[in-house]
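Here are a few exercises to work through with the model open. Try each one yourself before you read the solution.

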Amino acid sequence: MPKVFDFIVVGAGIVGLTVAAELLKRHPSARLGVLEKESGVGLHASGRNSGVMHCGIYYGSDTFKAKVCASGARRMIEFARTEGIAVKQCGKVILATAEEQLPTVDKLMRNARENDIRAERIDSQQLGELEPCAAKGPAAIYCPDTAVIDSAAIVSRLKENLARSGVEFIFDCHVNGVHGKGQLQTSHGKIGYGYLVNCAGAYADVLARHFGLGEDYALVPFKGIYWKLSKASNSKVKANIYPVPDVSTPFLGVHFTRVISGEVYVGPTAIPAFGRENYGIFQGIDLNEALNIGLLLAGMYLRNESNFRNLAHCEMGKYRKSNFLAEARQLLPTLEAADMVPTNKAGIRPQLVNVKTRKLEMDYILVATDDSMHVLNAISPAFTSGFVFAERIVDQIELR
Ligand SMILES: Cc1cc2nc3c(=O)[nH]c(=O)nc-3n(C[C@H](O)[C@H](O)[C@H](O)COP(=O)(O)OP(=O)(O)OC[C@H]3O[C@@H](n4cnc5c(N)ncnc54)[C@H](O)[C@@H]3O)c2cc1C
């Protein structure tokens, strides 16, 4: 007899874990299972990010992200404090380094007002007090509520709490597809469900296709690599220094983050990658997948969709330390090559492209059948949004 659950969550990243917690809260006596292809939680995006709890200033008030980011950050910080997990509300500065960025600075301040987020324009003296080594450009914003958190500790505590409350975790369990109504085909054989929530991150679109959904989307993985400041230059950055982002892409640009351990990371890049788990040069590349991604990238490059050609040139160039340094120096002019030491920290952002509009999807997307909900494009700030995003997902499930 196959195992049967009332609810199955596929994926034990932050989205799957917070969704499982919300389902458990609303249905305490339901049989709840979390299926994860790896041997533990948070081994992909949720354990490989910058660990920044974003305040929500980047998102227009009409977006899904805006509705869940600021309140999600507050909930995540509260969870960390209650559970004794390291979190530090250290604030961040966003620096404009060119006059052309001033309209975006105004847009960010408008977002802050509309989303009820604390943010202020600061002058060069205030900037000097917060970040003495930062570049003095035409404008700067200070966001006092930005925090850094130990993301790995968050996901493992969520797992411990859920397992203690009776949620069953099945690790090394790859969900391969559906086998008739209410039954999954997995590497552990058939597993039955009443309702399924697909939180499979970089593979959420693949799983959604087994349910006849997600045909409008293709996925492009973008690789985020980081450098680290050497011990000797670590004090050049006090907290977080971010550039003004290009709001036509979902990426925030290379930034400096003093993480919870006190180390300062520089990055991440957003380099088009050839595999959804291609963290190294060739690691995690499946030939078939690489071919499909390669064709998609070539099409986007030729058609220059979403200014893709410029993005690709600029980001691929960052495999060279000198190019990476040049970008980082715009924020921190005294930075020298010797200040940046290599690190093996790397993550992949699974970014959806809409094949009809040919644009990068900028927001979270939920699609559903009568017995399944699929979380697509759970890109940044999905870690920050975690708990509140999960509430909205489960609200949608209950509405159906
Ligand atoms: C470099 C980088 C920096 C970032 N910085 C930040 C930041 O500072 N702040 C922030 O809020 N967000 C940040 N993000 C974004 C954030 O990390 C992600 O949005 C978030 O972690 C996504 O969570 P997830 O649960 O959807 O995906 P994941 O954590 O990838 O989890 C999905 C899980 O599903 C499993 N899975 C996939 N397919 C299957 C299958 N078929 N069967 C079983 N299991 C399966 C995977 O093994 C994986 O464990 C960053 C992301 C990256 C890559």
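**Exercise 1.** Which residue in β16 is the bridge partner of Trp227? Then work out which other strands pair with β13.

*Solution.* Keep in mind that this is a predicted model.

- Step 1: Start at Trp227 and look across to β16, where Val266 is its bridge partner. β16 covers residues 264-267, and its pairing with β13 is antiparallel, over 2 bridges.
- Step 2: Now look for the residue that stands opposite Trp227 in β18, and you land on Pro342. Here β13 and β18 run antiparallel and share 12 bridges.
- Step 3: Move to Lys223, whose bridge partner in β17 is Ile271. The strand β17 (residues 271-272) is also antiparallel to β13, with 2 bridges between them.
- Step 4: Check how covered β13 (residues 217-229) is: 10 of its 13 residues are buried, so call it mostly covered, since a residue counts as buried with 20 or more other C-beta atoms within 10 Å of its own.

**Exercise 2.** Find where the ligand lies with respect to the domains, and describe the shell around it.

*Solution.*

- Step 1: Split the chain into its domains: domain 1 (1-88 + 145-216 + 363-400), domain 2 (92-144) and domain 3 (217-355).
- Step 2: Ask who contributes to the shell. Domain 1 and domain 3 both give residues, so the ligand lies between them.
- Step 3: Look for the elements involved. α1 (14-26), β18 (340-354) and α10 (382-399) each supply at least two residues of the shell.
- Step 4: Pick out the nearest residues. Of the 41 around the ligand, these are Gly11, Gly13, Gly201, Gly224 and Gly347.
- Step 5: Sort the shell by class, and you get 21 nonpolar, 15 polar and 5 charged residues.

**Exercise 3.** Describe how domain 1 and domain 2 meet.

*Solution.*

- Step 1: Take the centres over C-alpha atoms; they are 33 Å apart.
- Step 2: Look at the contacts, where 11 residues of domain 1 meet 11 residues of domain 2.
- Step 3: On the domain 1 side, the touching residues are 6 nonpolar, 4 polar and 1 charged.

**Exercise 4.** What is the strand order in the open sheet of 3 strands, and which helix packs on the sheet?

*Solution.*

- Step 1: Read the order as β3-β8-β4, with antiparallel pairing.
- Step 2: Spot the edges: β3 (52-53) and β4 (87-88) each pair on one side only.
- Step 3: Add the helix. α2 (residues 64-83) packs on the sheet and touches β3, β4 and β8, its direction making about 50 degrees with that of β8.
- Step 4: Finish with one bridge: Val52 has Val148 in β8 as its partner.

Key: Residues numbered from 1 in each chain as written. Predicted model: local features only at pLDDT ≥ 70, side-chain atom pairs only at ≥ 80, totals over all residues. Near = placed C-beta within 6 Å. Helix = DSSP H or I, 4+ residues; strand = E, 2+ residues; numbered from the N terminus. Nonpolar A, V, L, I, M, F, W, Y, C, P; charged D, E, K, R; others polar. Domains from an automatic or database assignment. Contact = placed C-beta atoms within 7 Å. Pairing = 2+ DSSP bridges. Axes fitted to C-alpha atoms, helices over the stretch in contact; angles between N-to-C directions. Buried ≥ 20, exposed ≤ 12 C-beta atoms within 10 Å, placed from the backbone.
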